[in-house]
Amino acid sequence: MRRTDSSLGRAPLSTSIQGRLFVLCTLAALAFSAVVGPVAFVQAFHAAQLEDQDSFTRLIDTLENSATIAAYAKDPVLAQELADGLVRDPTITAASLTLRSGQTLGRAGPSPEAGAQASVSRVLRAPFRPFEELGTIELYGNQPALRARAQQRALVLAGVAVGAALCMALVVYALTSMLVSRPISRIVARLIRLQPDSREQLPVPRGHEQDQIGQLVHSLNAMLRDNAAALHRERELRTEVTALERQYRAIFDASSAGIVVLAPQGGLINANPTLFRMLGVSREQAYEQHGTPWWELAFKHPEQFMDLLKDARSSASSVTADLELKDSAPLRWVHCLLSAQGPQAGQPVSVEGVLYDITARRAKERATLELAETDALTGLRNRRSVEDAIDMALQNGRELALLYIDLDGFKQVNDHHGHDAGDRVLRRVAQRLRDGLQRGSDLVARLGGDEFVVVLVDCRTDSPRLAEIAQCVLSSLQQPFTLAGVPPLVLGASIGIACAPHSGLSRPALMRAADMTMYEVKRTGKNAFAMAWDNTLHRPGKLAPSEAESGFAALPQG
């Protein structure tokens with residue numbers, strides 16, 4: 001409630017309200033009469049015309065069967081009798097019955113003027129063939145008489161409506177002034193003088209203690225009390241809300257996580273600055289309604305985000321996924337958490353999302369995975385990794401060959417030149433084996449110590465490539481190893497070869513067969529290779545097979 005000008009309290013409000021009430025009632029009555037009078041006239045006039053039209057229609061309904069018989073029988077006498085009977089009605093000036101051929105079978109009254117339309121026209125159809133048209137019966141009304149009668153009825157009704165409106169306005173004014181306007185004027189005059197924080201109460205007008213005006217005064221007094229308390233509380237709450245808004249806005253803007261509010265179909269409603277920095281998308285691009293959707297600009301695989309959004313809309317709980325960002329070098333990842341909010345009629349009105357930059361975590365996980373699958377000394381796959389690869393190949397029904405390799409003479413290197421020299425030799429061996437692989441599906445791994453394994457996928461027992469690769473490995477590992485501070489070292493290798501499914505259908509059986517074959521080579525002379533299904537030892541030839549023949553590149557020395 002606001003403070004008002006003091007002159008309002010001194011104005012003769014009761015007289016002013018009653019005067020305005022009288023003027024308003026008079027104007028309302030005149031306006032009502034001005035509107036209702038013509039409307040009542042038009043409606044009554046129109047109703048009278050419709051009534052006349054209905055009477056014509058009922059008259060034709062009554063005579064339709066007789067007119068149909070006259071037309072069907074082509075009886076001019078009956079047709080003329082019908083026409084004469086119709087024009088006896090003072091509201092009808094002419095009537096005619098015309099056959100389909102255009103012949104006038106019967107007519108009464110003066111001929112209508114050219115272009116005049118019949119008041120009522122009815123097509124006559126054959127009694128036994130409803131789709132056959134026989135002719136037409138037409139009535140022409142006495143328009144001046146009909147119009148005069150309709151106008152008379154309309155004027156009477158309009159006068160009654162206007163008189164009733166004026167009388168009602170006077171009655172309403174008198175009753176309202178006595179029962180409502182004067183008491184309310186006094187209440188308003190007192191209310192205007194009150195201040196917003198005033199403790200003053202309004203008095204109840206005499207004679208209105210038990211009626212609605214008395215209840216109004218009591219309610220106003222209660223409202224005044226509540227209003228004073230509410231004003232005080234509102235000032236306190238406004239101060240608290242302002243402080244909280246500043247605090248939450250600061251948290252929203254400064255959060256290290258990207259925070260976003262989306263429409264159900266993915267459109268951006270609101271987002272903090274961190275989100276745009278994280279995704280590498282400008283605010284203008286993200287809010288663009290007719291350009292490329294923001295998720296296609298942000299994510300390398302936008303369909304994954306849309307699938308996540310779909311799951312969030314259909315789920316009552318939060319959904320999460322790790323998504324790779326688009327055009328980021330180095331690769332960057334975010335962890336996206338979405339949850340639907342405020343369902344209405346089974347549909348969410350918004351989807352809230354929080355995005356965290358997990359690039360460092362993904363890199364650490366990748367490094368941890370590589371560490372778990374890689375031999376720390378040589379960088380080759382370790383035993384666990386190659387065993388998993390063999391298991392997967394066997395589960396997929398792939399044929400493969402295992403070359404189980406054990407170095408000959410490696411113990412003397414450790415004994416004579418130390419473990420550091422031995423480690424360097426192992427790294428050189430790993431590099432020679434790695435460089436020799438030509439196909440991406442083939443693997444080389446270190447099992448431990450000086451034991452290595454080469455896995456050739458899709459290699460059959462009868463493939464000449466198998467022996468050629470084994471021969472190449474033997475020849476390459478015989479090449480001297482030159483290390484700083486150490487004389488050239490010459491080693492050899494014993495290789496046992498097993499193939500799936502010939503040597504076994506499981507990884508343990510396959511590795512056991514290759515291992516046993518390798519130890520048999522060591523027992524019978526070393527520096528050779530043998531197949532698990534063949535007791536013949538194969539020693540390195542003078543020349544290693546060519547790269548084109550074996551699929552295993554000529555290995556470097558060093």
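This report walks through the overall form of the chain, three of its strand regions and one buried glutamate.

## Overall form

Keep in mind that this is a predicted model. The chain carries 15 helices and 16 strands. Its radius of gyration comes out at 54 Å, whereas a compact globule of 558 residues would sit near 24 Å. Along the principal axes, the C-alpha atoms take up a box of roughly 140 × 95 × 40 Å.

Look at contacts between residues at least 6 apart in sequence, and 60% of them turn out to link residues at least 24 apart.

## Surface and charge

Of the 558 residues, 38% are buried. The chain shows about 31500 Å² of exposed area, with 56% of that coming from carbon and sulfur atoms.

On the charge side, there are 59 positive and 60 negative charges, and their mean positions lie 7 Å apart.

## Strands β3 and β4

Strand β3 spans residues 120-125 and has two faces: Val-120, Arg-122 and Leu-124 are on the covered one, while Ser-121, Val-123 and Arg-125 are on the uncovered one. So you'll find an arginine on each face, Arg-122 on the covered side and Arg-125 on the uncovered side. The partner of β3 is strand β4 (residues 133-141), which runs antiparallel to β3 and is joined to it by six bridges. One pairing to look for is Leu-124 of β3, whose bridge partner in β4 is Gly-135.

## The β5–β6 hairpin

Next along is a hairpin built from strand β5 (residues 258-262) and strand β6 (residues 268-271), paired in the antiparallel sense over three bridges. Val-260 has Ala-271 of β6 as its bridge partner.

Five residues lie between the two strands of this hairpin, and Gly-266 adopts a positive phi near 105°.

## Glu-324, a buried acid

Which strand holds Glu-324? Glu-324 belongs to strand β7, residues 319-324. Is Glu-324 buried or exposed? Glu-324 counts as buried because its relative accessibility is 10%, and the cut-off for buried is under 20%.

Leaving aside residues up to four places away in sequence, Glu-324 touches Phe-299, Lys-300 and His-301, along with Leu-331, Arg-332 and Trp-333. Leu-191, by contrast, is 133 residues away from Glu-324 in sequence, and their C-alpha atoms are 68 Å apart in space.

Notes. Residues numbered from 1 in each chain as written. Predicted model: local features only at pLDDT ≥ 70, side-chain atom pairs only at ≥ 80, totals over all residues. Heavy atoms only, no water. Helix = DSSP H or I, 4+ residues; strand = E, 2+ residues; numbered from the N terminus. Rg over C-alpha atoms; globule rule 2.2 N^0.38 Å. Buried < 20%, exposed > 50% of the residue type's maximum accessible area, 1.4 Å probe, protein only. Contact = heavy atoms within 4.5 Å. Areas by Shrake-Rupley, 256 points an atom, 1.4 Å probe, with all protein chains shown as cover. Lys, Arg positive; Asp, Glu negative; His and termini not counted. Charge placed at Lys NZ, Arg CZ, Asp CG, Glu CD. Pairing = 2+ DSSP bridges.
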